[in-house]
Amino acid sequence: MDFKHIAIAIRHCGHIRAFKHGKSIHSHLIKQGCFQNVFIANNLMSMYVDFKLLGDAQKLFDEMPHRNVVTWTSLISAQTSNGRPDEALRLYNEMVESEFESPNGFVYSAALKACGLVGDIELGRSIHKIICIDKLEDDTVLMNTLLDMYVKCGSLSYAQKVFDEIPCANKTSWNTIIDGYCKKGLMEDAVESFNRMPQRNVVSWNSIVAGFTDIGSSRSLEFVHKMHKEGYKLDEFTFPCALKTCSFLGSLARGKQIHCYLIKSGFESQSFTISALVDMYSSCYSLEDAMKLFNHYSNCDTFVHDNPALWNSMLSGCVVNERNETAIRLLSHIHHFTYVNSYTLSSALKLCINLLSLRLGLQVHGLVVTSGYELDYIVGSVLIDLYSRLGNIKDAVSLFHRLPEKDTVAWAGLIIGCAKVGLGSLALSIFMDMIIMNLEVDQFVISTILKECSKFSSLISGKQVHTFCIKTGYASEWVIVTSLLDFYSKCGQIEDSLSLFDSTLDRDVVSWTSIIVGCGQNGKVTEAIQYFHEMIQSGLKPNEVTYLGVLSACRHAGFVEQAWMIFNLMRYEHGLEPQLEHYYCIIDLLGQAGRFMEVEELITNMPLEPDKTIWSSLLGACGTHKNINLVKSIAERLLKNSPNDPSIYVMLSNAYATLEMWEHLNEMRKTAKQLGIKAPGKSWIEI
């Protein structure tokens, strides 16, 4: 029997996926007793591998009376290539232990690929030693596989050693080590290797572009420009990276330039570029351009219409731009006409966060469960964030504990949610768990924790957080600086707050406002006014909160003239319209100074109706300066506008008692008793 022609027929069946013919030949060979021929058996096993029937290939392998190195290599490679690296390594270990056949370079290569996929660096290192013992270092393909294994396992030091020992490093060798540095974010090392590379190709350039894109650097666009200038063809990998960089830089102008290049080069209609373009326009808050592009291609191209990536990009864009009604319609279409994935569900949950809708959130949660994504770390994290923002901490904590893998979003969402509902101690405890587990903490989580320390005047905890900020390099971030200033001020440690502010070089309106408010709250009124004027001299324009802070400081110290000057500065110099809080500061100051004519003139000219706080302040001033006529006028106005407000009667009763207007006091108490709106006061002390 001509085994050579039989083998050709078997392999042909595998190549053209002729399953029935292949099984028929296999049956015929068994009947003819040819199955024991290892050459024929190896070809039959390769045929089943081509059919993607790894179970049948494994069964054939187990039944073979004789095996050679080709047999082992074929099945180990097949298991690795078909996403079963654990099974591949089991076979490799079985081969080594059997001692019937010695592995060769092809077997080692297949086993190393499997090690890279499962992250088994120990077995990879043992294979590395055997390669050195067998003197296979001259096999560039094998050494490239070894290099790739170390890169995939995250051991760049070993990878670099292997690279340095390759006698004739080719483009694959260079691209592998460059890609390894890029994926680790070590872009200086990646660029150094890239510059030393004798002959680059598109893969080399794309690795550098992708590396800078992943760390959010504008240098990604710089290398895209160089790549184009040196005559390399930008491809389906380059364009999405370039557009993604434009997205997080918010560079609409550059994004439009790339869009023009895509049109000229004929790439615009490709599905991968349409999605990236929609993302770019949406992220740059040019949603109309994104919608125009989406509508054009989703209506005229069947393939694009059914492309989930495009629909998900448009959904995400609407959510980011808070076009919530449009997002709901898109979500409904995706649910009914395509299929949902983790990207769809994440955007849907963020839509629920926009709307703060528990009802819609529960519906989307149901879809998450039925789609099998509840324990997906991305979807699960956003789900935790949703329940936390809705104040449903119990469900958020329950889901958090069930999530097998948690990212920063999950931790941050739970911390912010706990803080929002007043569970500051739990928020601090979760934050400490993050630190102990060496998880990445962002500046917004730290800011939330510092606010909680401020609420409880927890000086020790706050100082520990400050130390953590210094060690991790967050201490200079403006969000952290502002939170620290607020924290030290509210804890009464104004000297620490002043020291921190004076050492801060990059000051914005928020940080100036924080120190001004802090000085005012801690009795350093002169310093508050001084910082206010220094802020204006630095070229920054105070906002409404800044003015309220410095006016409040003046109110506490009784600085009438300074307050008047600052109040006029707010209106006439900076064009800001005072709110009731600002008027309250001035009216309270004037009232305590007994300047009632100016108070009445100011109230008459106010564009706003005075509230209870202003009238209460003025009643107190009337009591101090015995201004009975003004009290009567205020009483008439208050009782006319709010006859059923209990606090009004309390305010007037206190004023009448101070001025010894006993008849009015008795009348007021009688009226309050008839209305039944004043309950007896109660106190509770612990001894």
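Modeller: Buried means under 20% relative accessible area, exposed means over 50%, and partly exposed is what lies in between. Keep in mind that this is a predicted model.

Colleague: Then why does Arg402 count as partly exposed?

Modeller: Its relative accessibility is 43%. Partly exposed is the class between under 20% and over 50%, so Arg402 belongs there.

Colleague: What makes Glu374 and Arg402 a salt bridge?

Modeller: The rule asks for a side-chain nitrogen of Lys or Arg within 4 Å of a carboxyl oxygen of Asp or Glu. Here the N to O distance is 3.4 Å, so the pair passes. The bridge links distant parts of the chain: Glu374 is in the loop between helix 23 and helix 24 (377–389), and Arg402 is in helix 25 (residues 393–402), 28 residues apart. Glu374 has 16% relative accessibility, so this residue counts as buried.

Colleague: How many salt bridges does the rule give?

Modeller: The count is 16 salt bridges. Glu288 and Arg323 are one of these pairs, with 3.1 Å from N to O. Glu288 sits in helix 18 (residues 287–300), while Arg323 sits in the loop between helix 20 (308–320) and helix 21 (324–337), 35 residues apart.

Colleague: Is Glu288 buried or exposed?

Modeller: Exposed, because its relative accessibility is 53% and the cut-off is over 50%. Arg323 has a relative accessible area of 33%, so this partner is partly exposed.

Colleague: How do you know that Glu561 forms a salt bridge with Arg595?

Modeller: The closest N and O atoms are 3.0 Å apart, and the limit is within 4 Å. Glu561 belongs to helix 35 (residues 560–573), Arg595 to the loop between helix 36 (580–592) and helix 37, 34 residues apart. Arg595 is partly exposed because its relative accessibility is 24%.

Colleague: What joins Glu87, Arg90 and Glu94 into one network?

Modeller: Salt bridges that share partners.

Colleague: On to the rings. How many aromatic pairs are there?

Modeller: The count comes to 21 aromatic pairs. In one of them, Phe501 and Tyr531 lie 5.2 Å centre to centre, with 80° between the planes.

Colleague: Why is the pair of Phe501 and Tyr531 called edge-to-face?

Modeller: The centres must lie within 6.5 Å, and planes over 60 degrees apart count as edge-to-face. With 5.2 Å and 80°, Phe501 and Tyr531 meet both terms. Phe501 is in helix 31 (residues 494–502) and Tyr531 in helix 33 (residues 525–537), so the pair ties together parts 30 residues apart in sequence.

Colleague: What makes Phe501 buried?

Modeller: Its relative accessible area is 0%, and buried means under 20%. Tyr531 has 8%, so Tyr531 counts as buried too.

Colleague: Which residues form one aromatic cluster?

Modeller: Phe194, Trp205, Phe212, Phe223 and Tyr232.

Colleague: Why does Thr238 count as buried?

Modeller: Its relative accessibility is 1%, and the cut-off is under 20%. Thr238 lies in helix 15 (residues 238–249).

Colleague: How do you know that the side chain of Thr238 makes a polar contact with the side chain of Asn206?

Modeller: The distance is 2.6 Å, and the limit for a suitable N or O pair is within 3.5 Å. The side chain of Thr238 also has a polar contact with the side chain of Asp235, at 2.8 Å. Beyond four places in sequence, Thr238 is in contact with Asn206, Val224 and Met227.

Colleague: What does Phe237 contact, leaving aside neighbours within four places in sequence?

Modeller: Asn206 and Ala210. Phe237 has 42% relative accessibility, so it counts as partly exposed.

Colleague: What makes the nonpolar surface patch?

Modeller: Val421, Leu423 and Leu426, with about 200 Å². Patch residues need over 30% relative accessible area. Val421 has 37%, so it counts as partly exposed. Val421 is in the loop between helix 26 (408–420) and helix 27 (424–436).

Colleague: Last one. Why is Lys52 called exposed?

Modeller: Its relative accessible area is 55%, and exposed means over 50%. Lys52 is in the loop between helix 3 (38–50) and helix 4 (54–63). Its phi is near 65°, a positive value in a residue other than glycine.

Definitions and conventions. Residues are numbered from 1 along each chain as its sequence is written. This is a predicted model: local features need pLDDT of at least 70, side-chain atom pairs count only at pLDDT 80 or more; totals for chains, interfaces and linings use all residues. Side-chain values use heavy atoms; hydrogens and water are left out. Patches are made of residues with over 30% relative accessible area and no salt bridge: like charges are joined within 9 Å, nonpolar side chains (Val, Leu, Ile, Met, Phe, Trp, Tyr) within 5 Å. Accessible areas come from the Shrake-Rupley method with a 1.4 Å probe; for residues, only the protein chains shown count as cover. Helices (H or I, at least four residues) and strands (E, at least two) are DSSP runs, numbered from the N terminus. Buried means under 20% relative accessible area, exposed over 50%, partly exposed in between (1.4 Å probe, protein chains only). A polar contact is a pair of N or O atoms within 3.5 Å; within protein, one must be able to donate a hydrogen and the other to accept it, and residues adjacent in sequence count only if both atoms are side-chain atoms. Contact means heavy atoms within 4.5 Å. Rings of Phe, Tyr and Trp (its six-membered ring) pair if their centres lie within 6.5 Å; planes under 30 degrees apart count as stacked, over 60 as edge-to-face and the rest as tilted.
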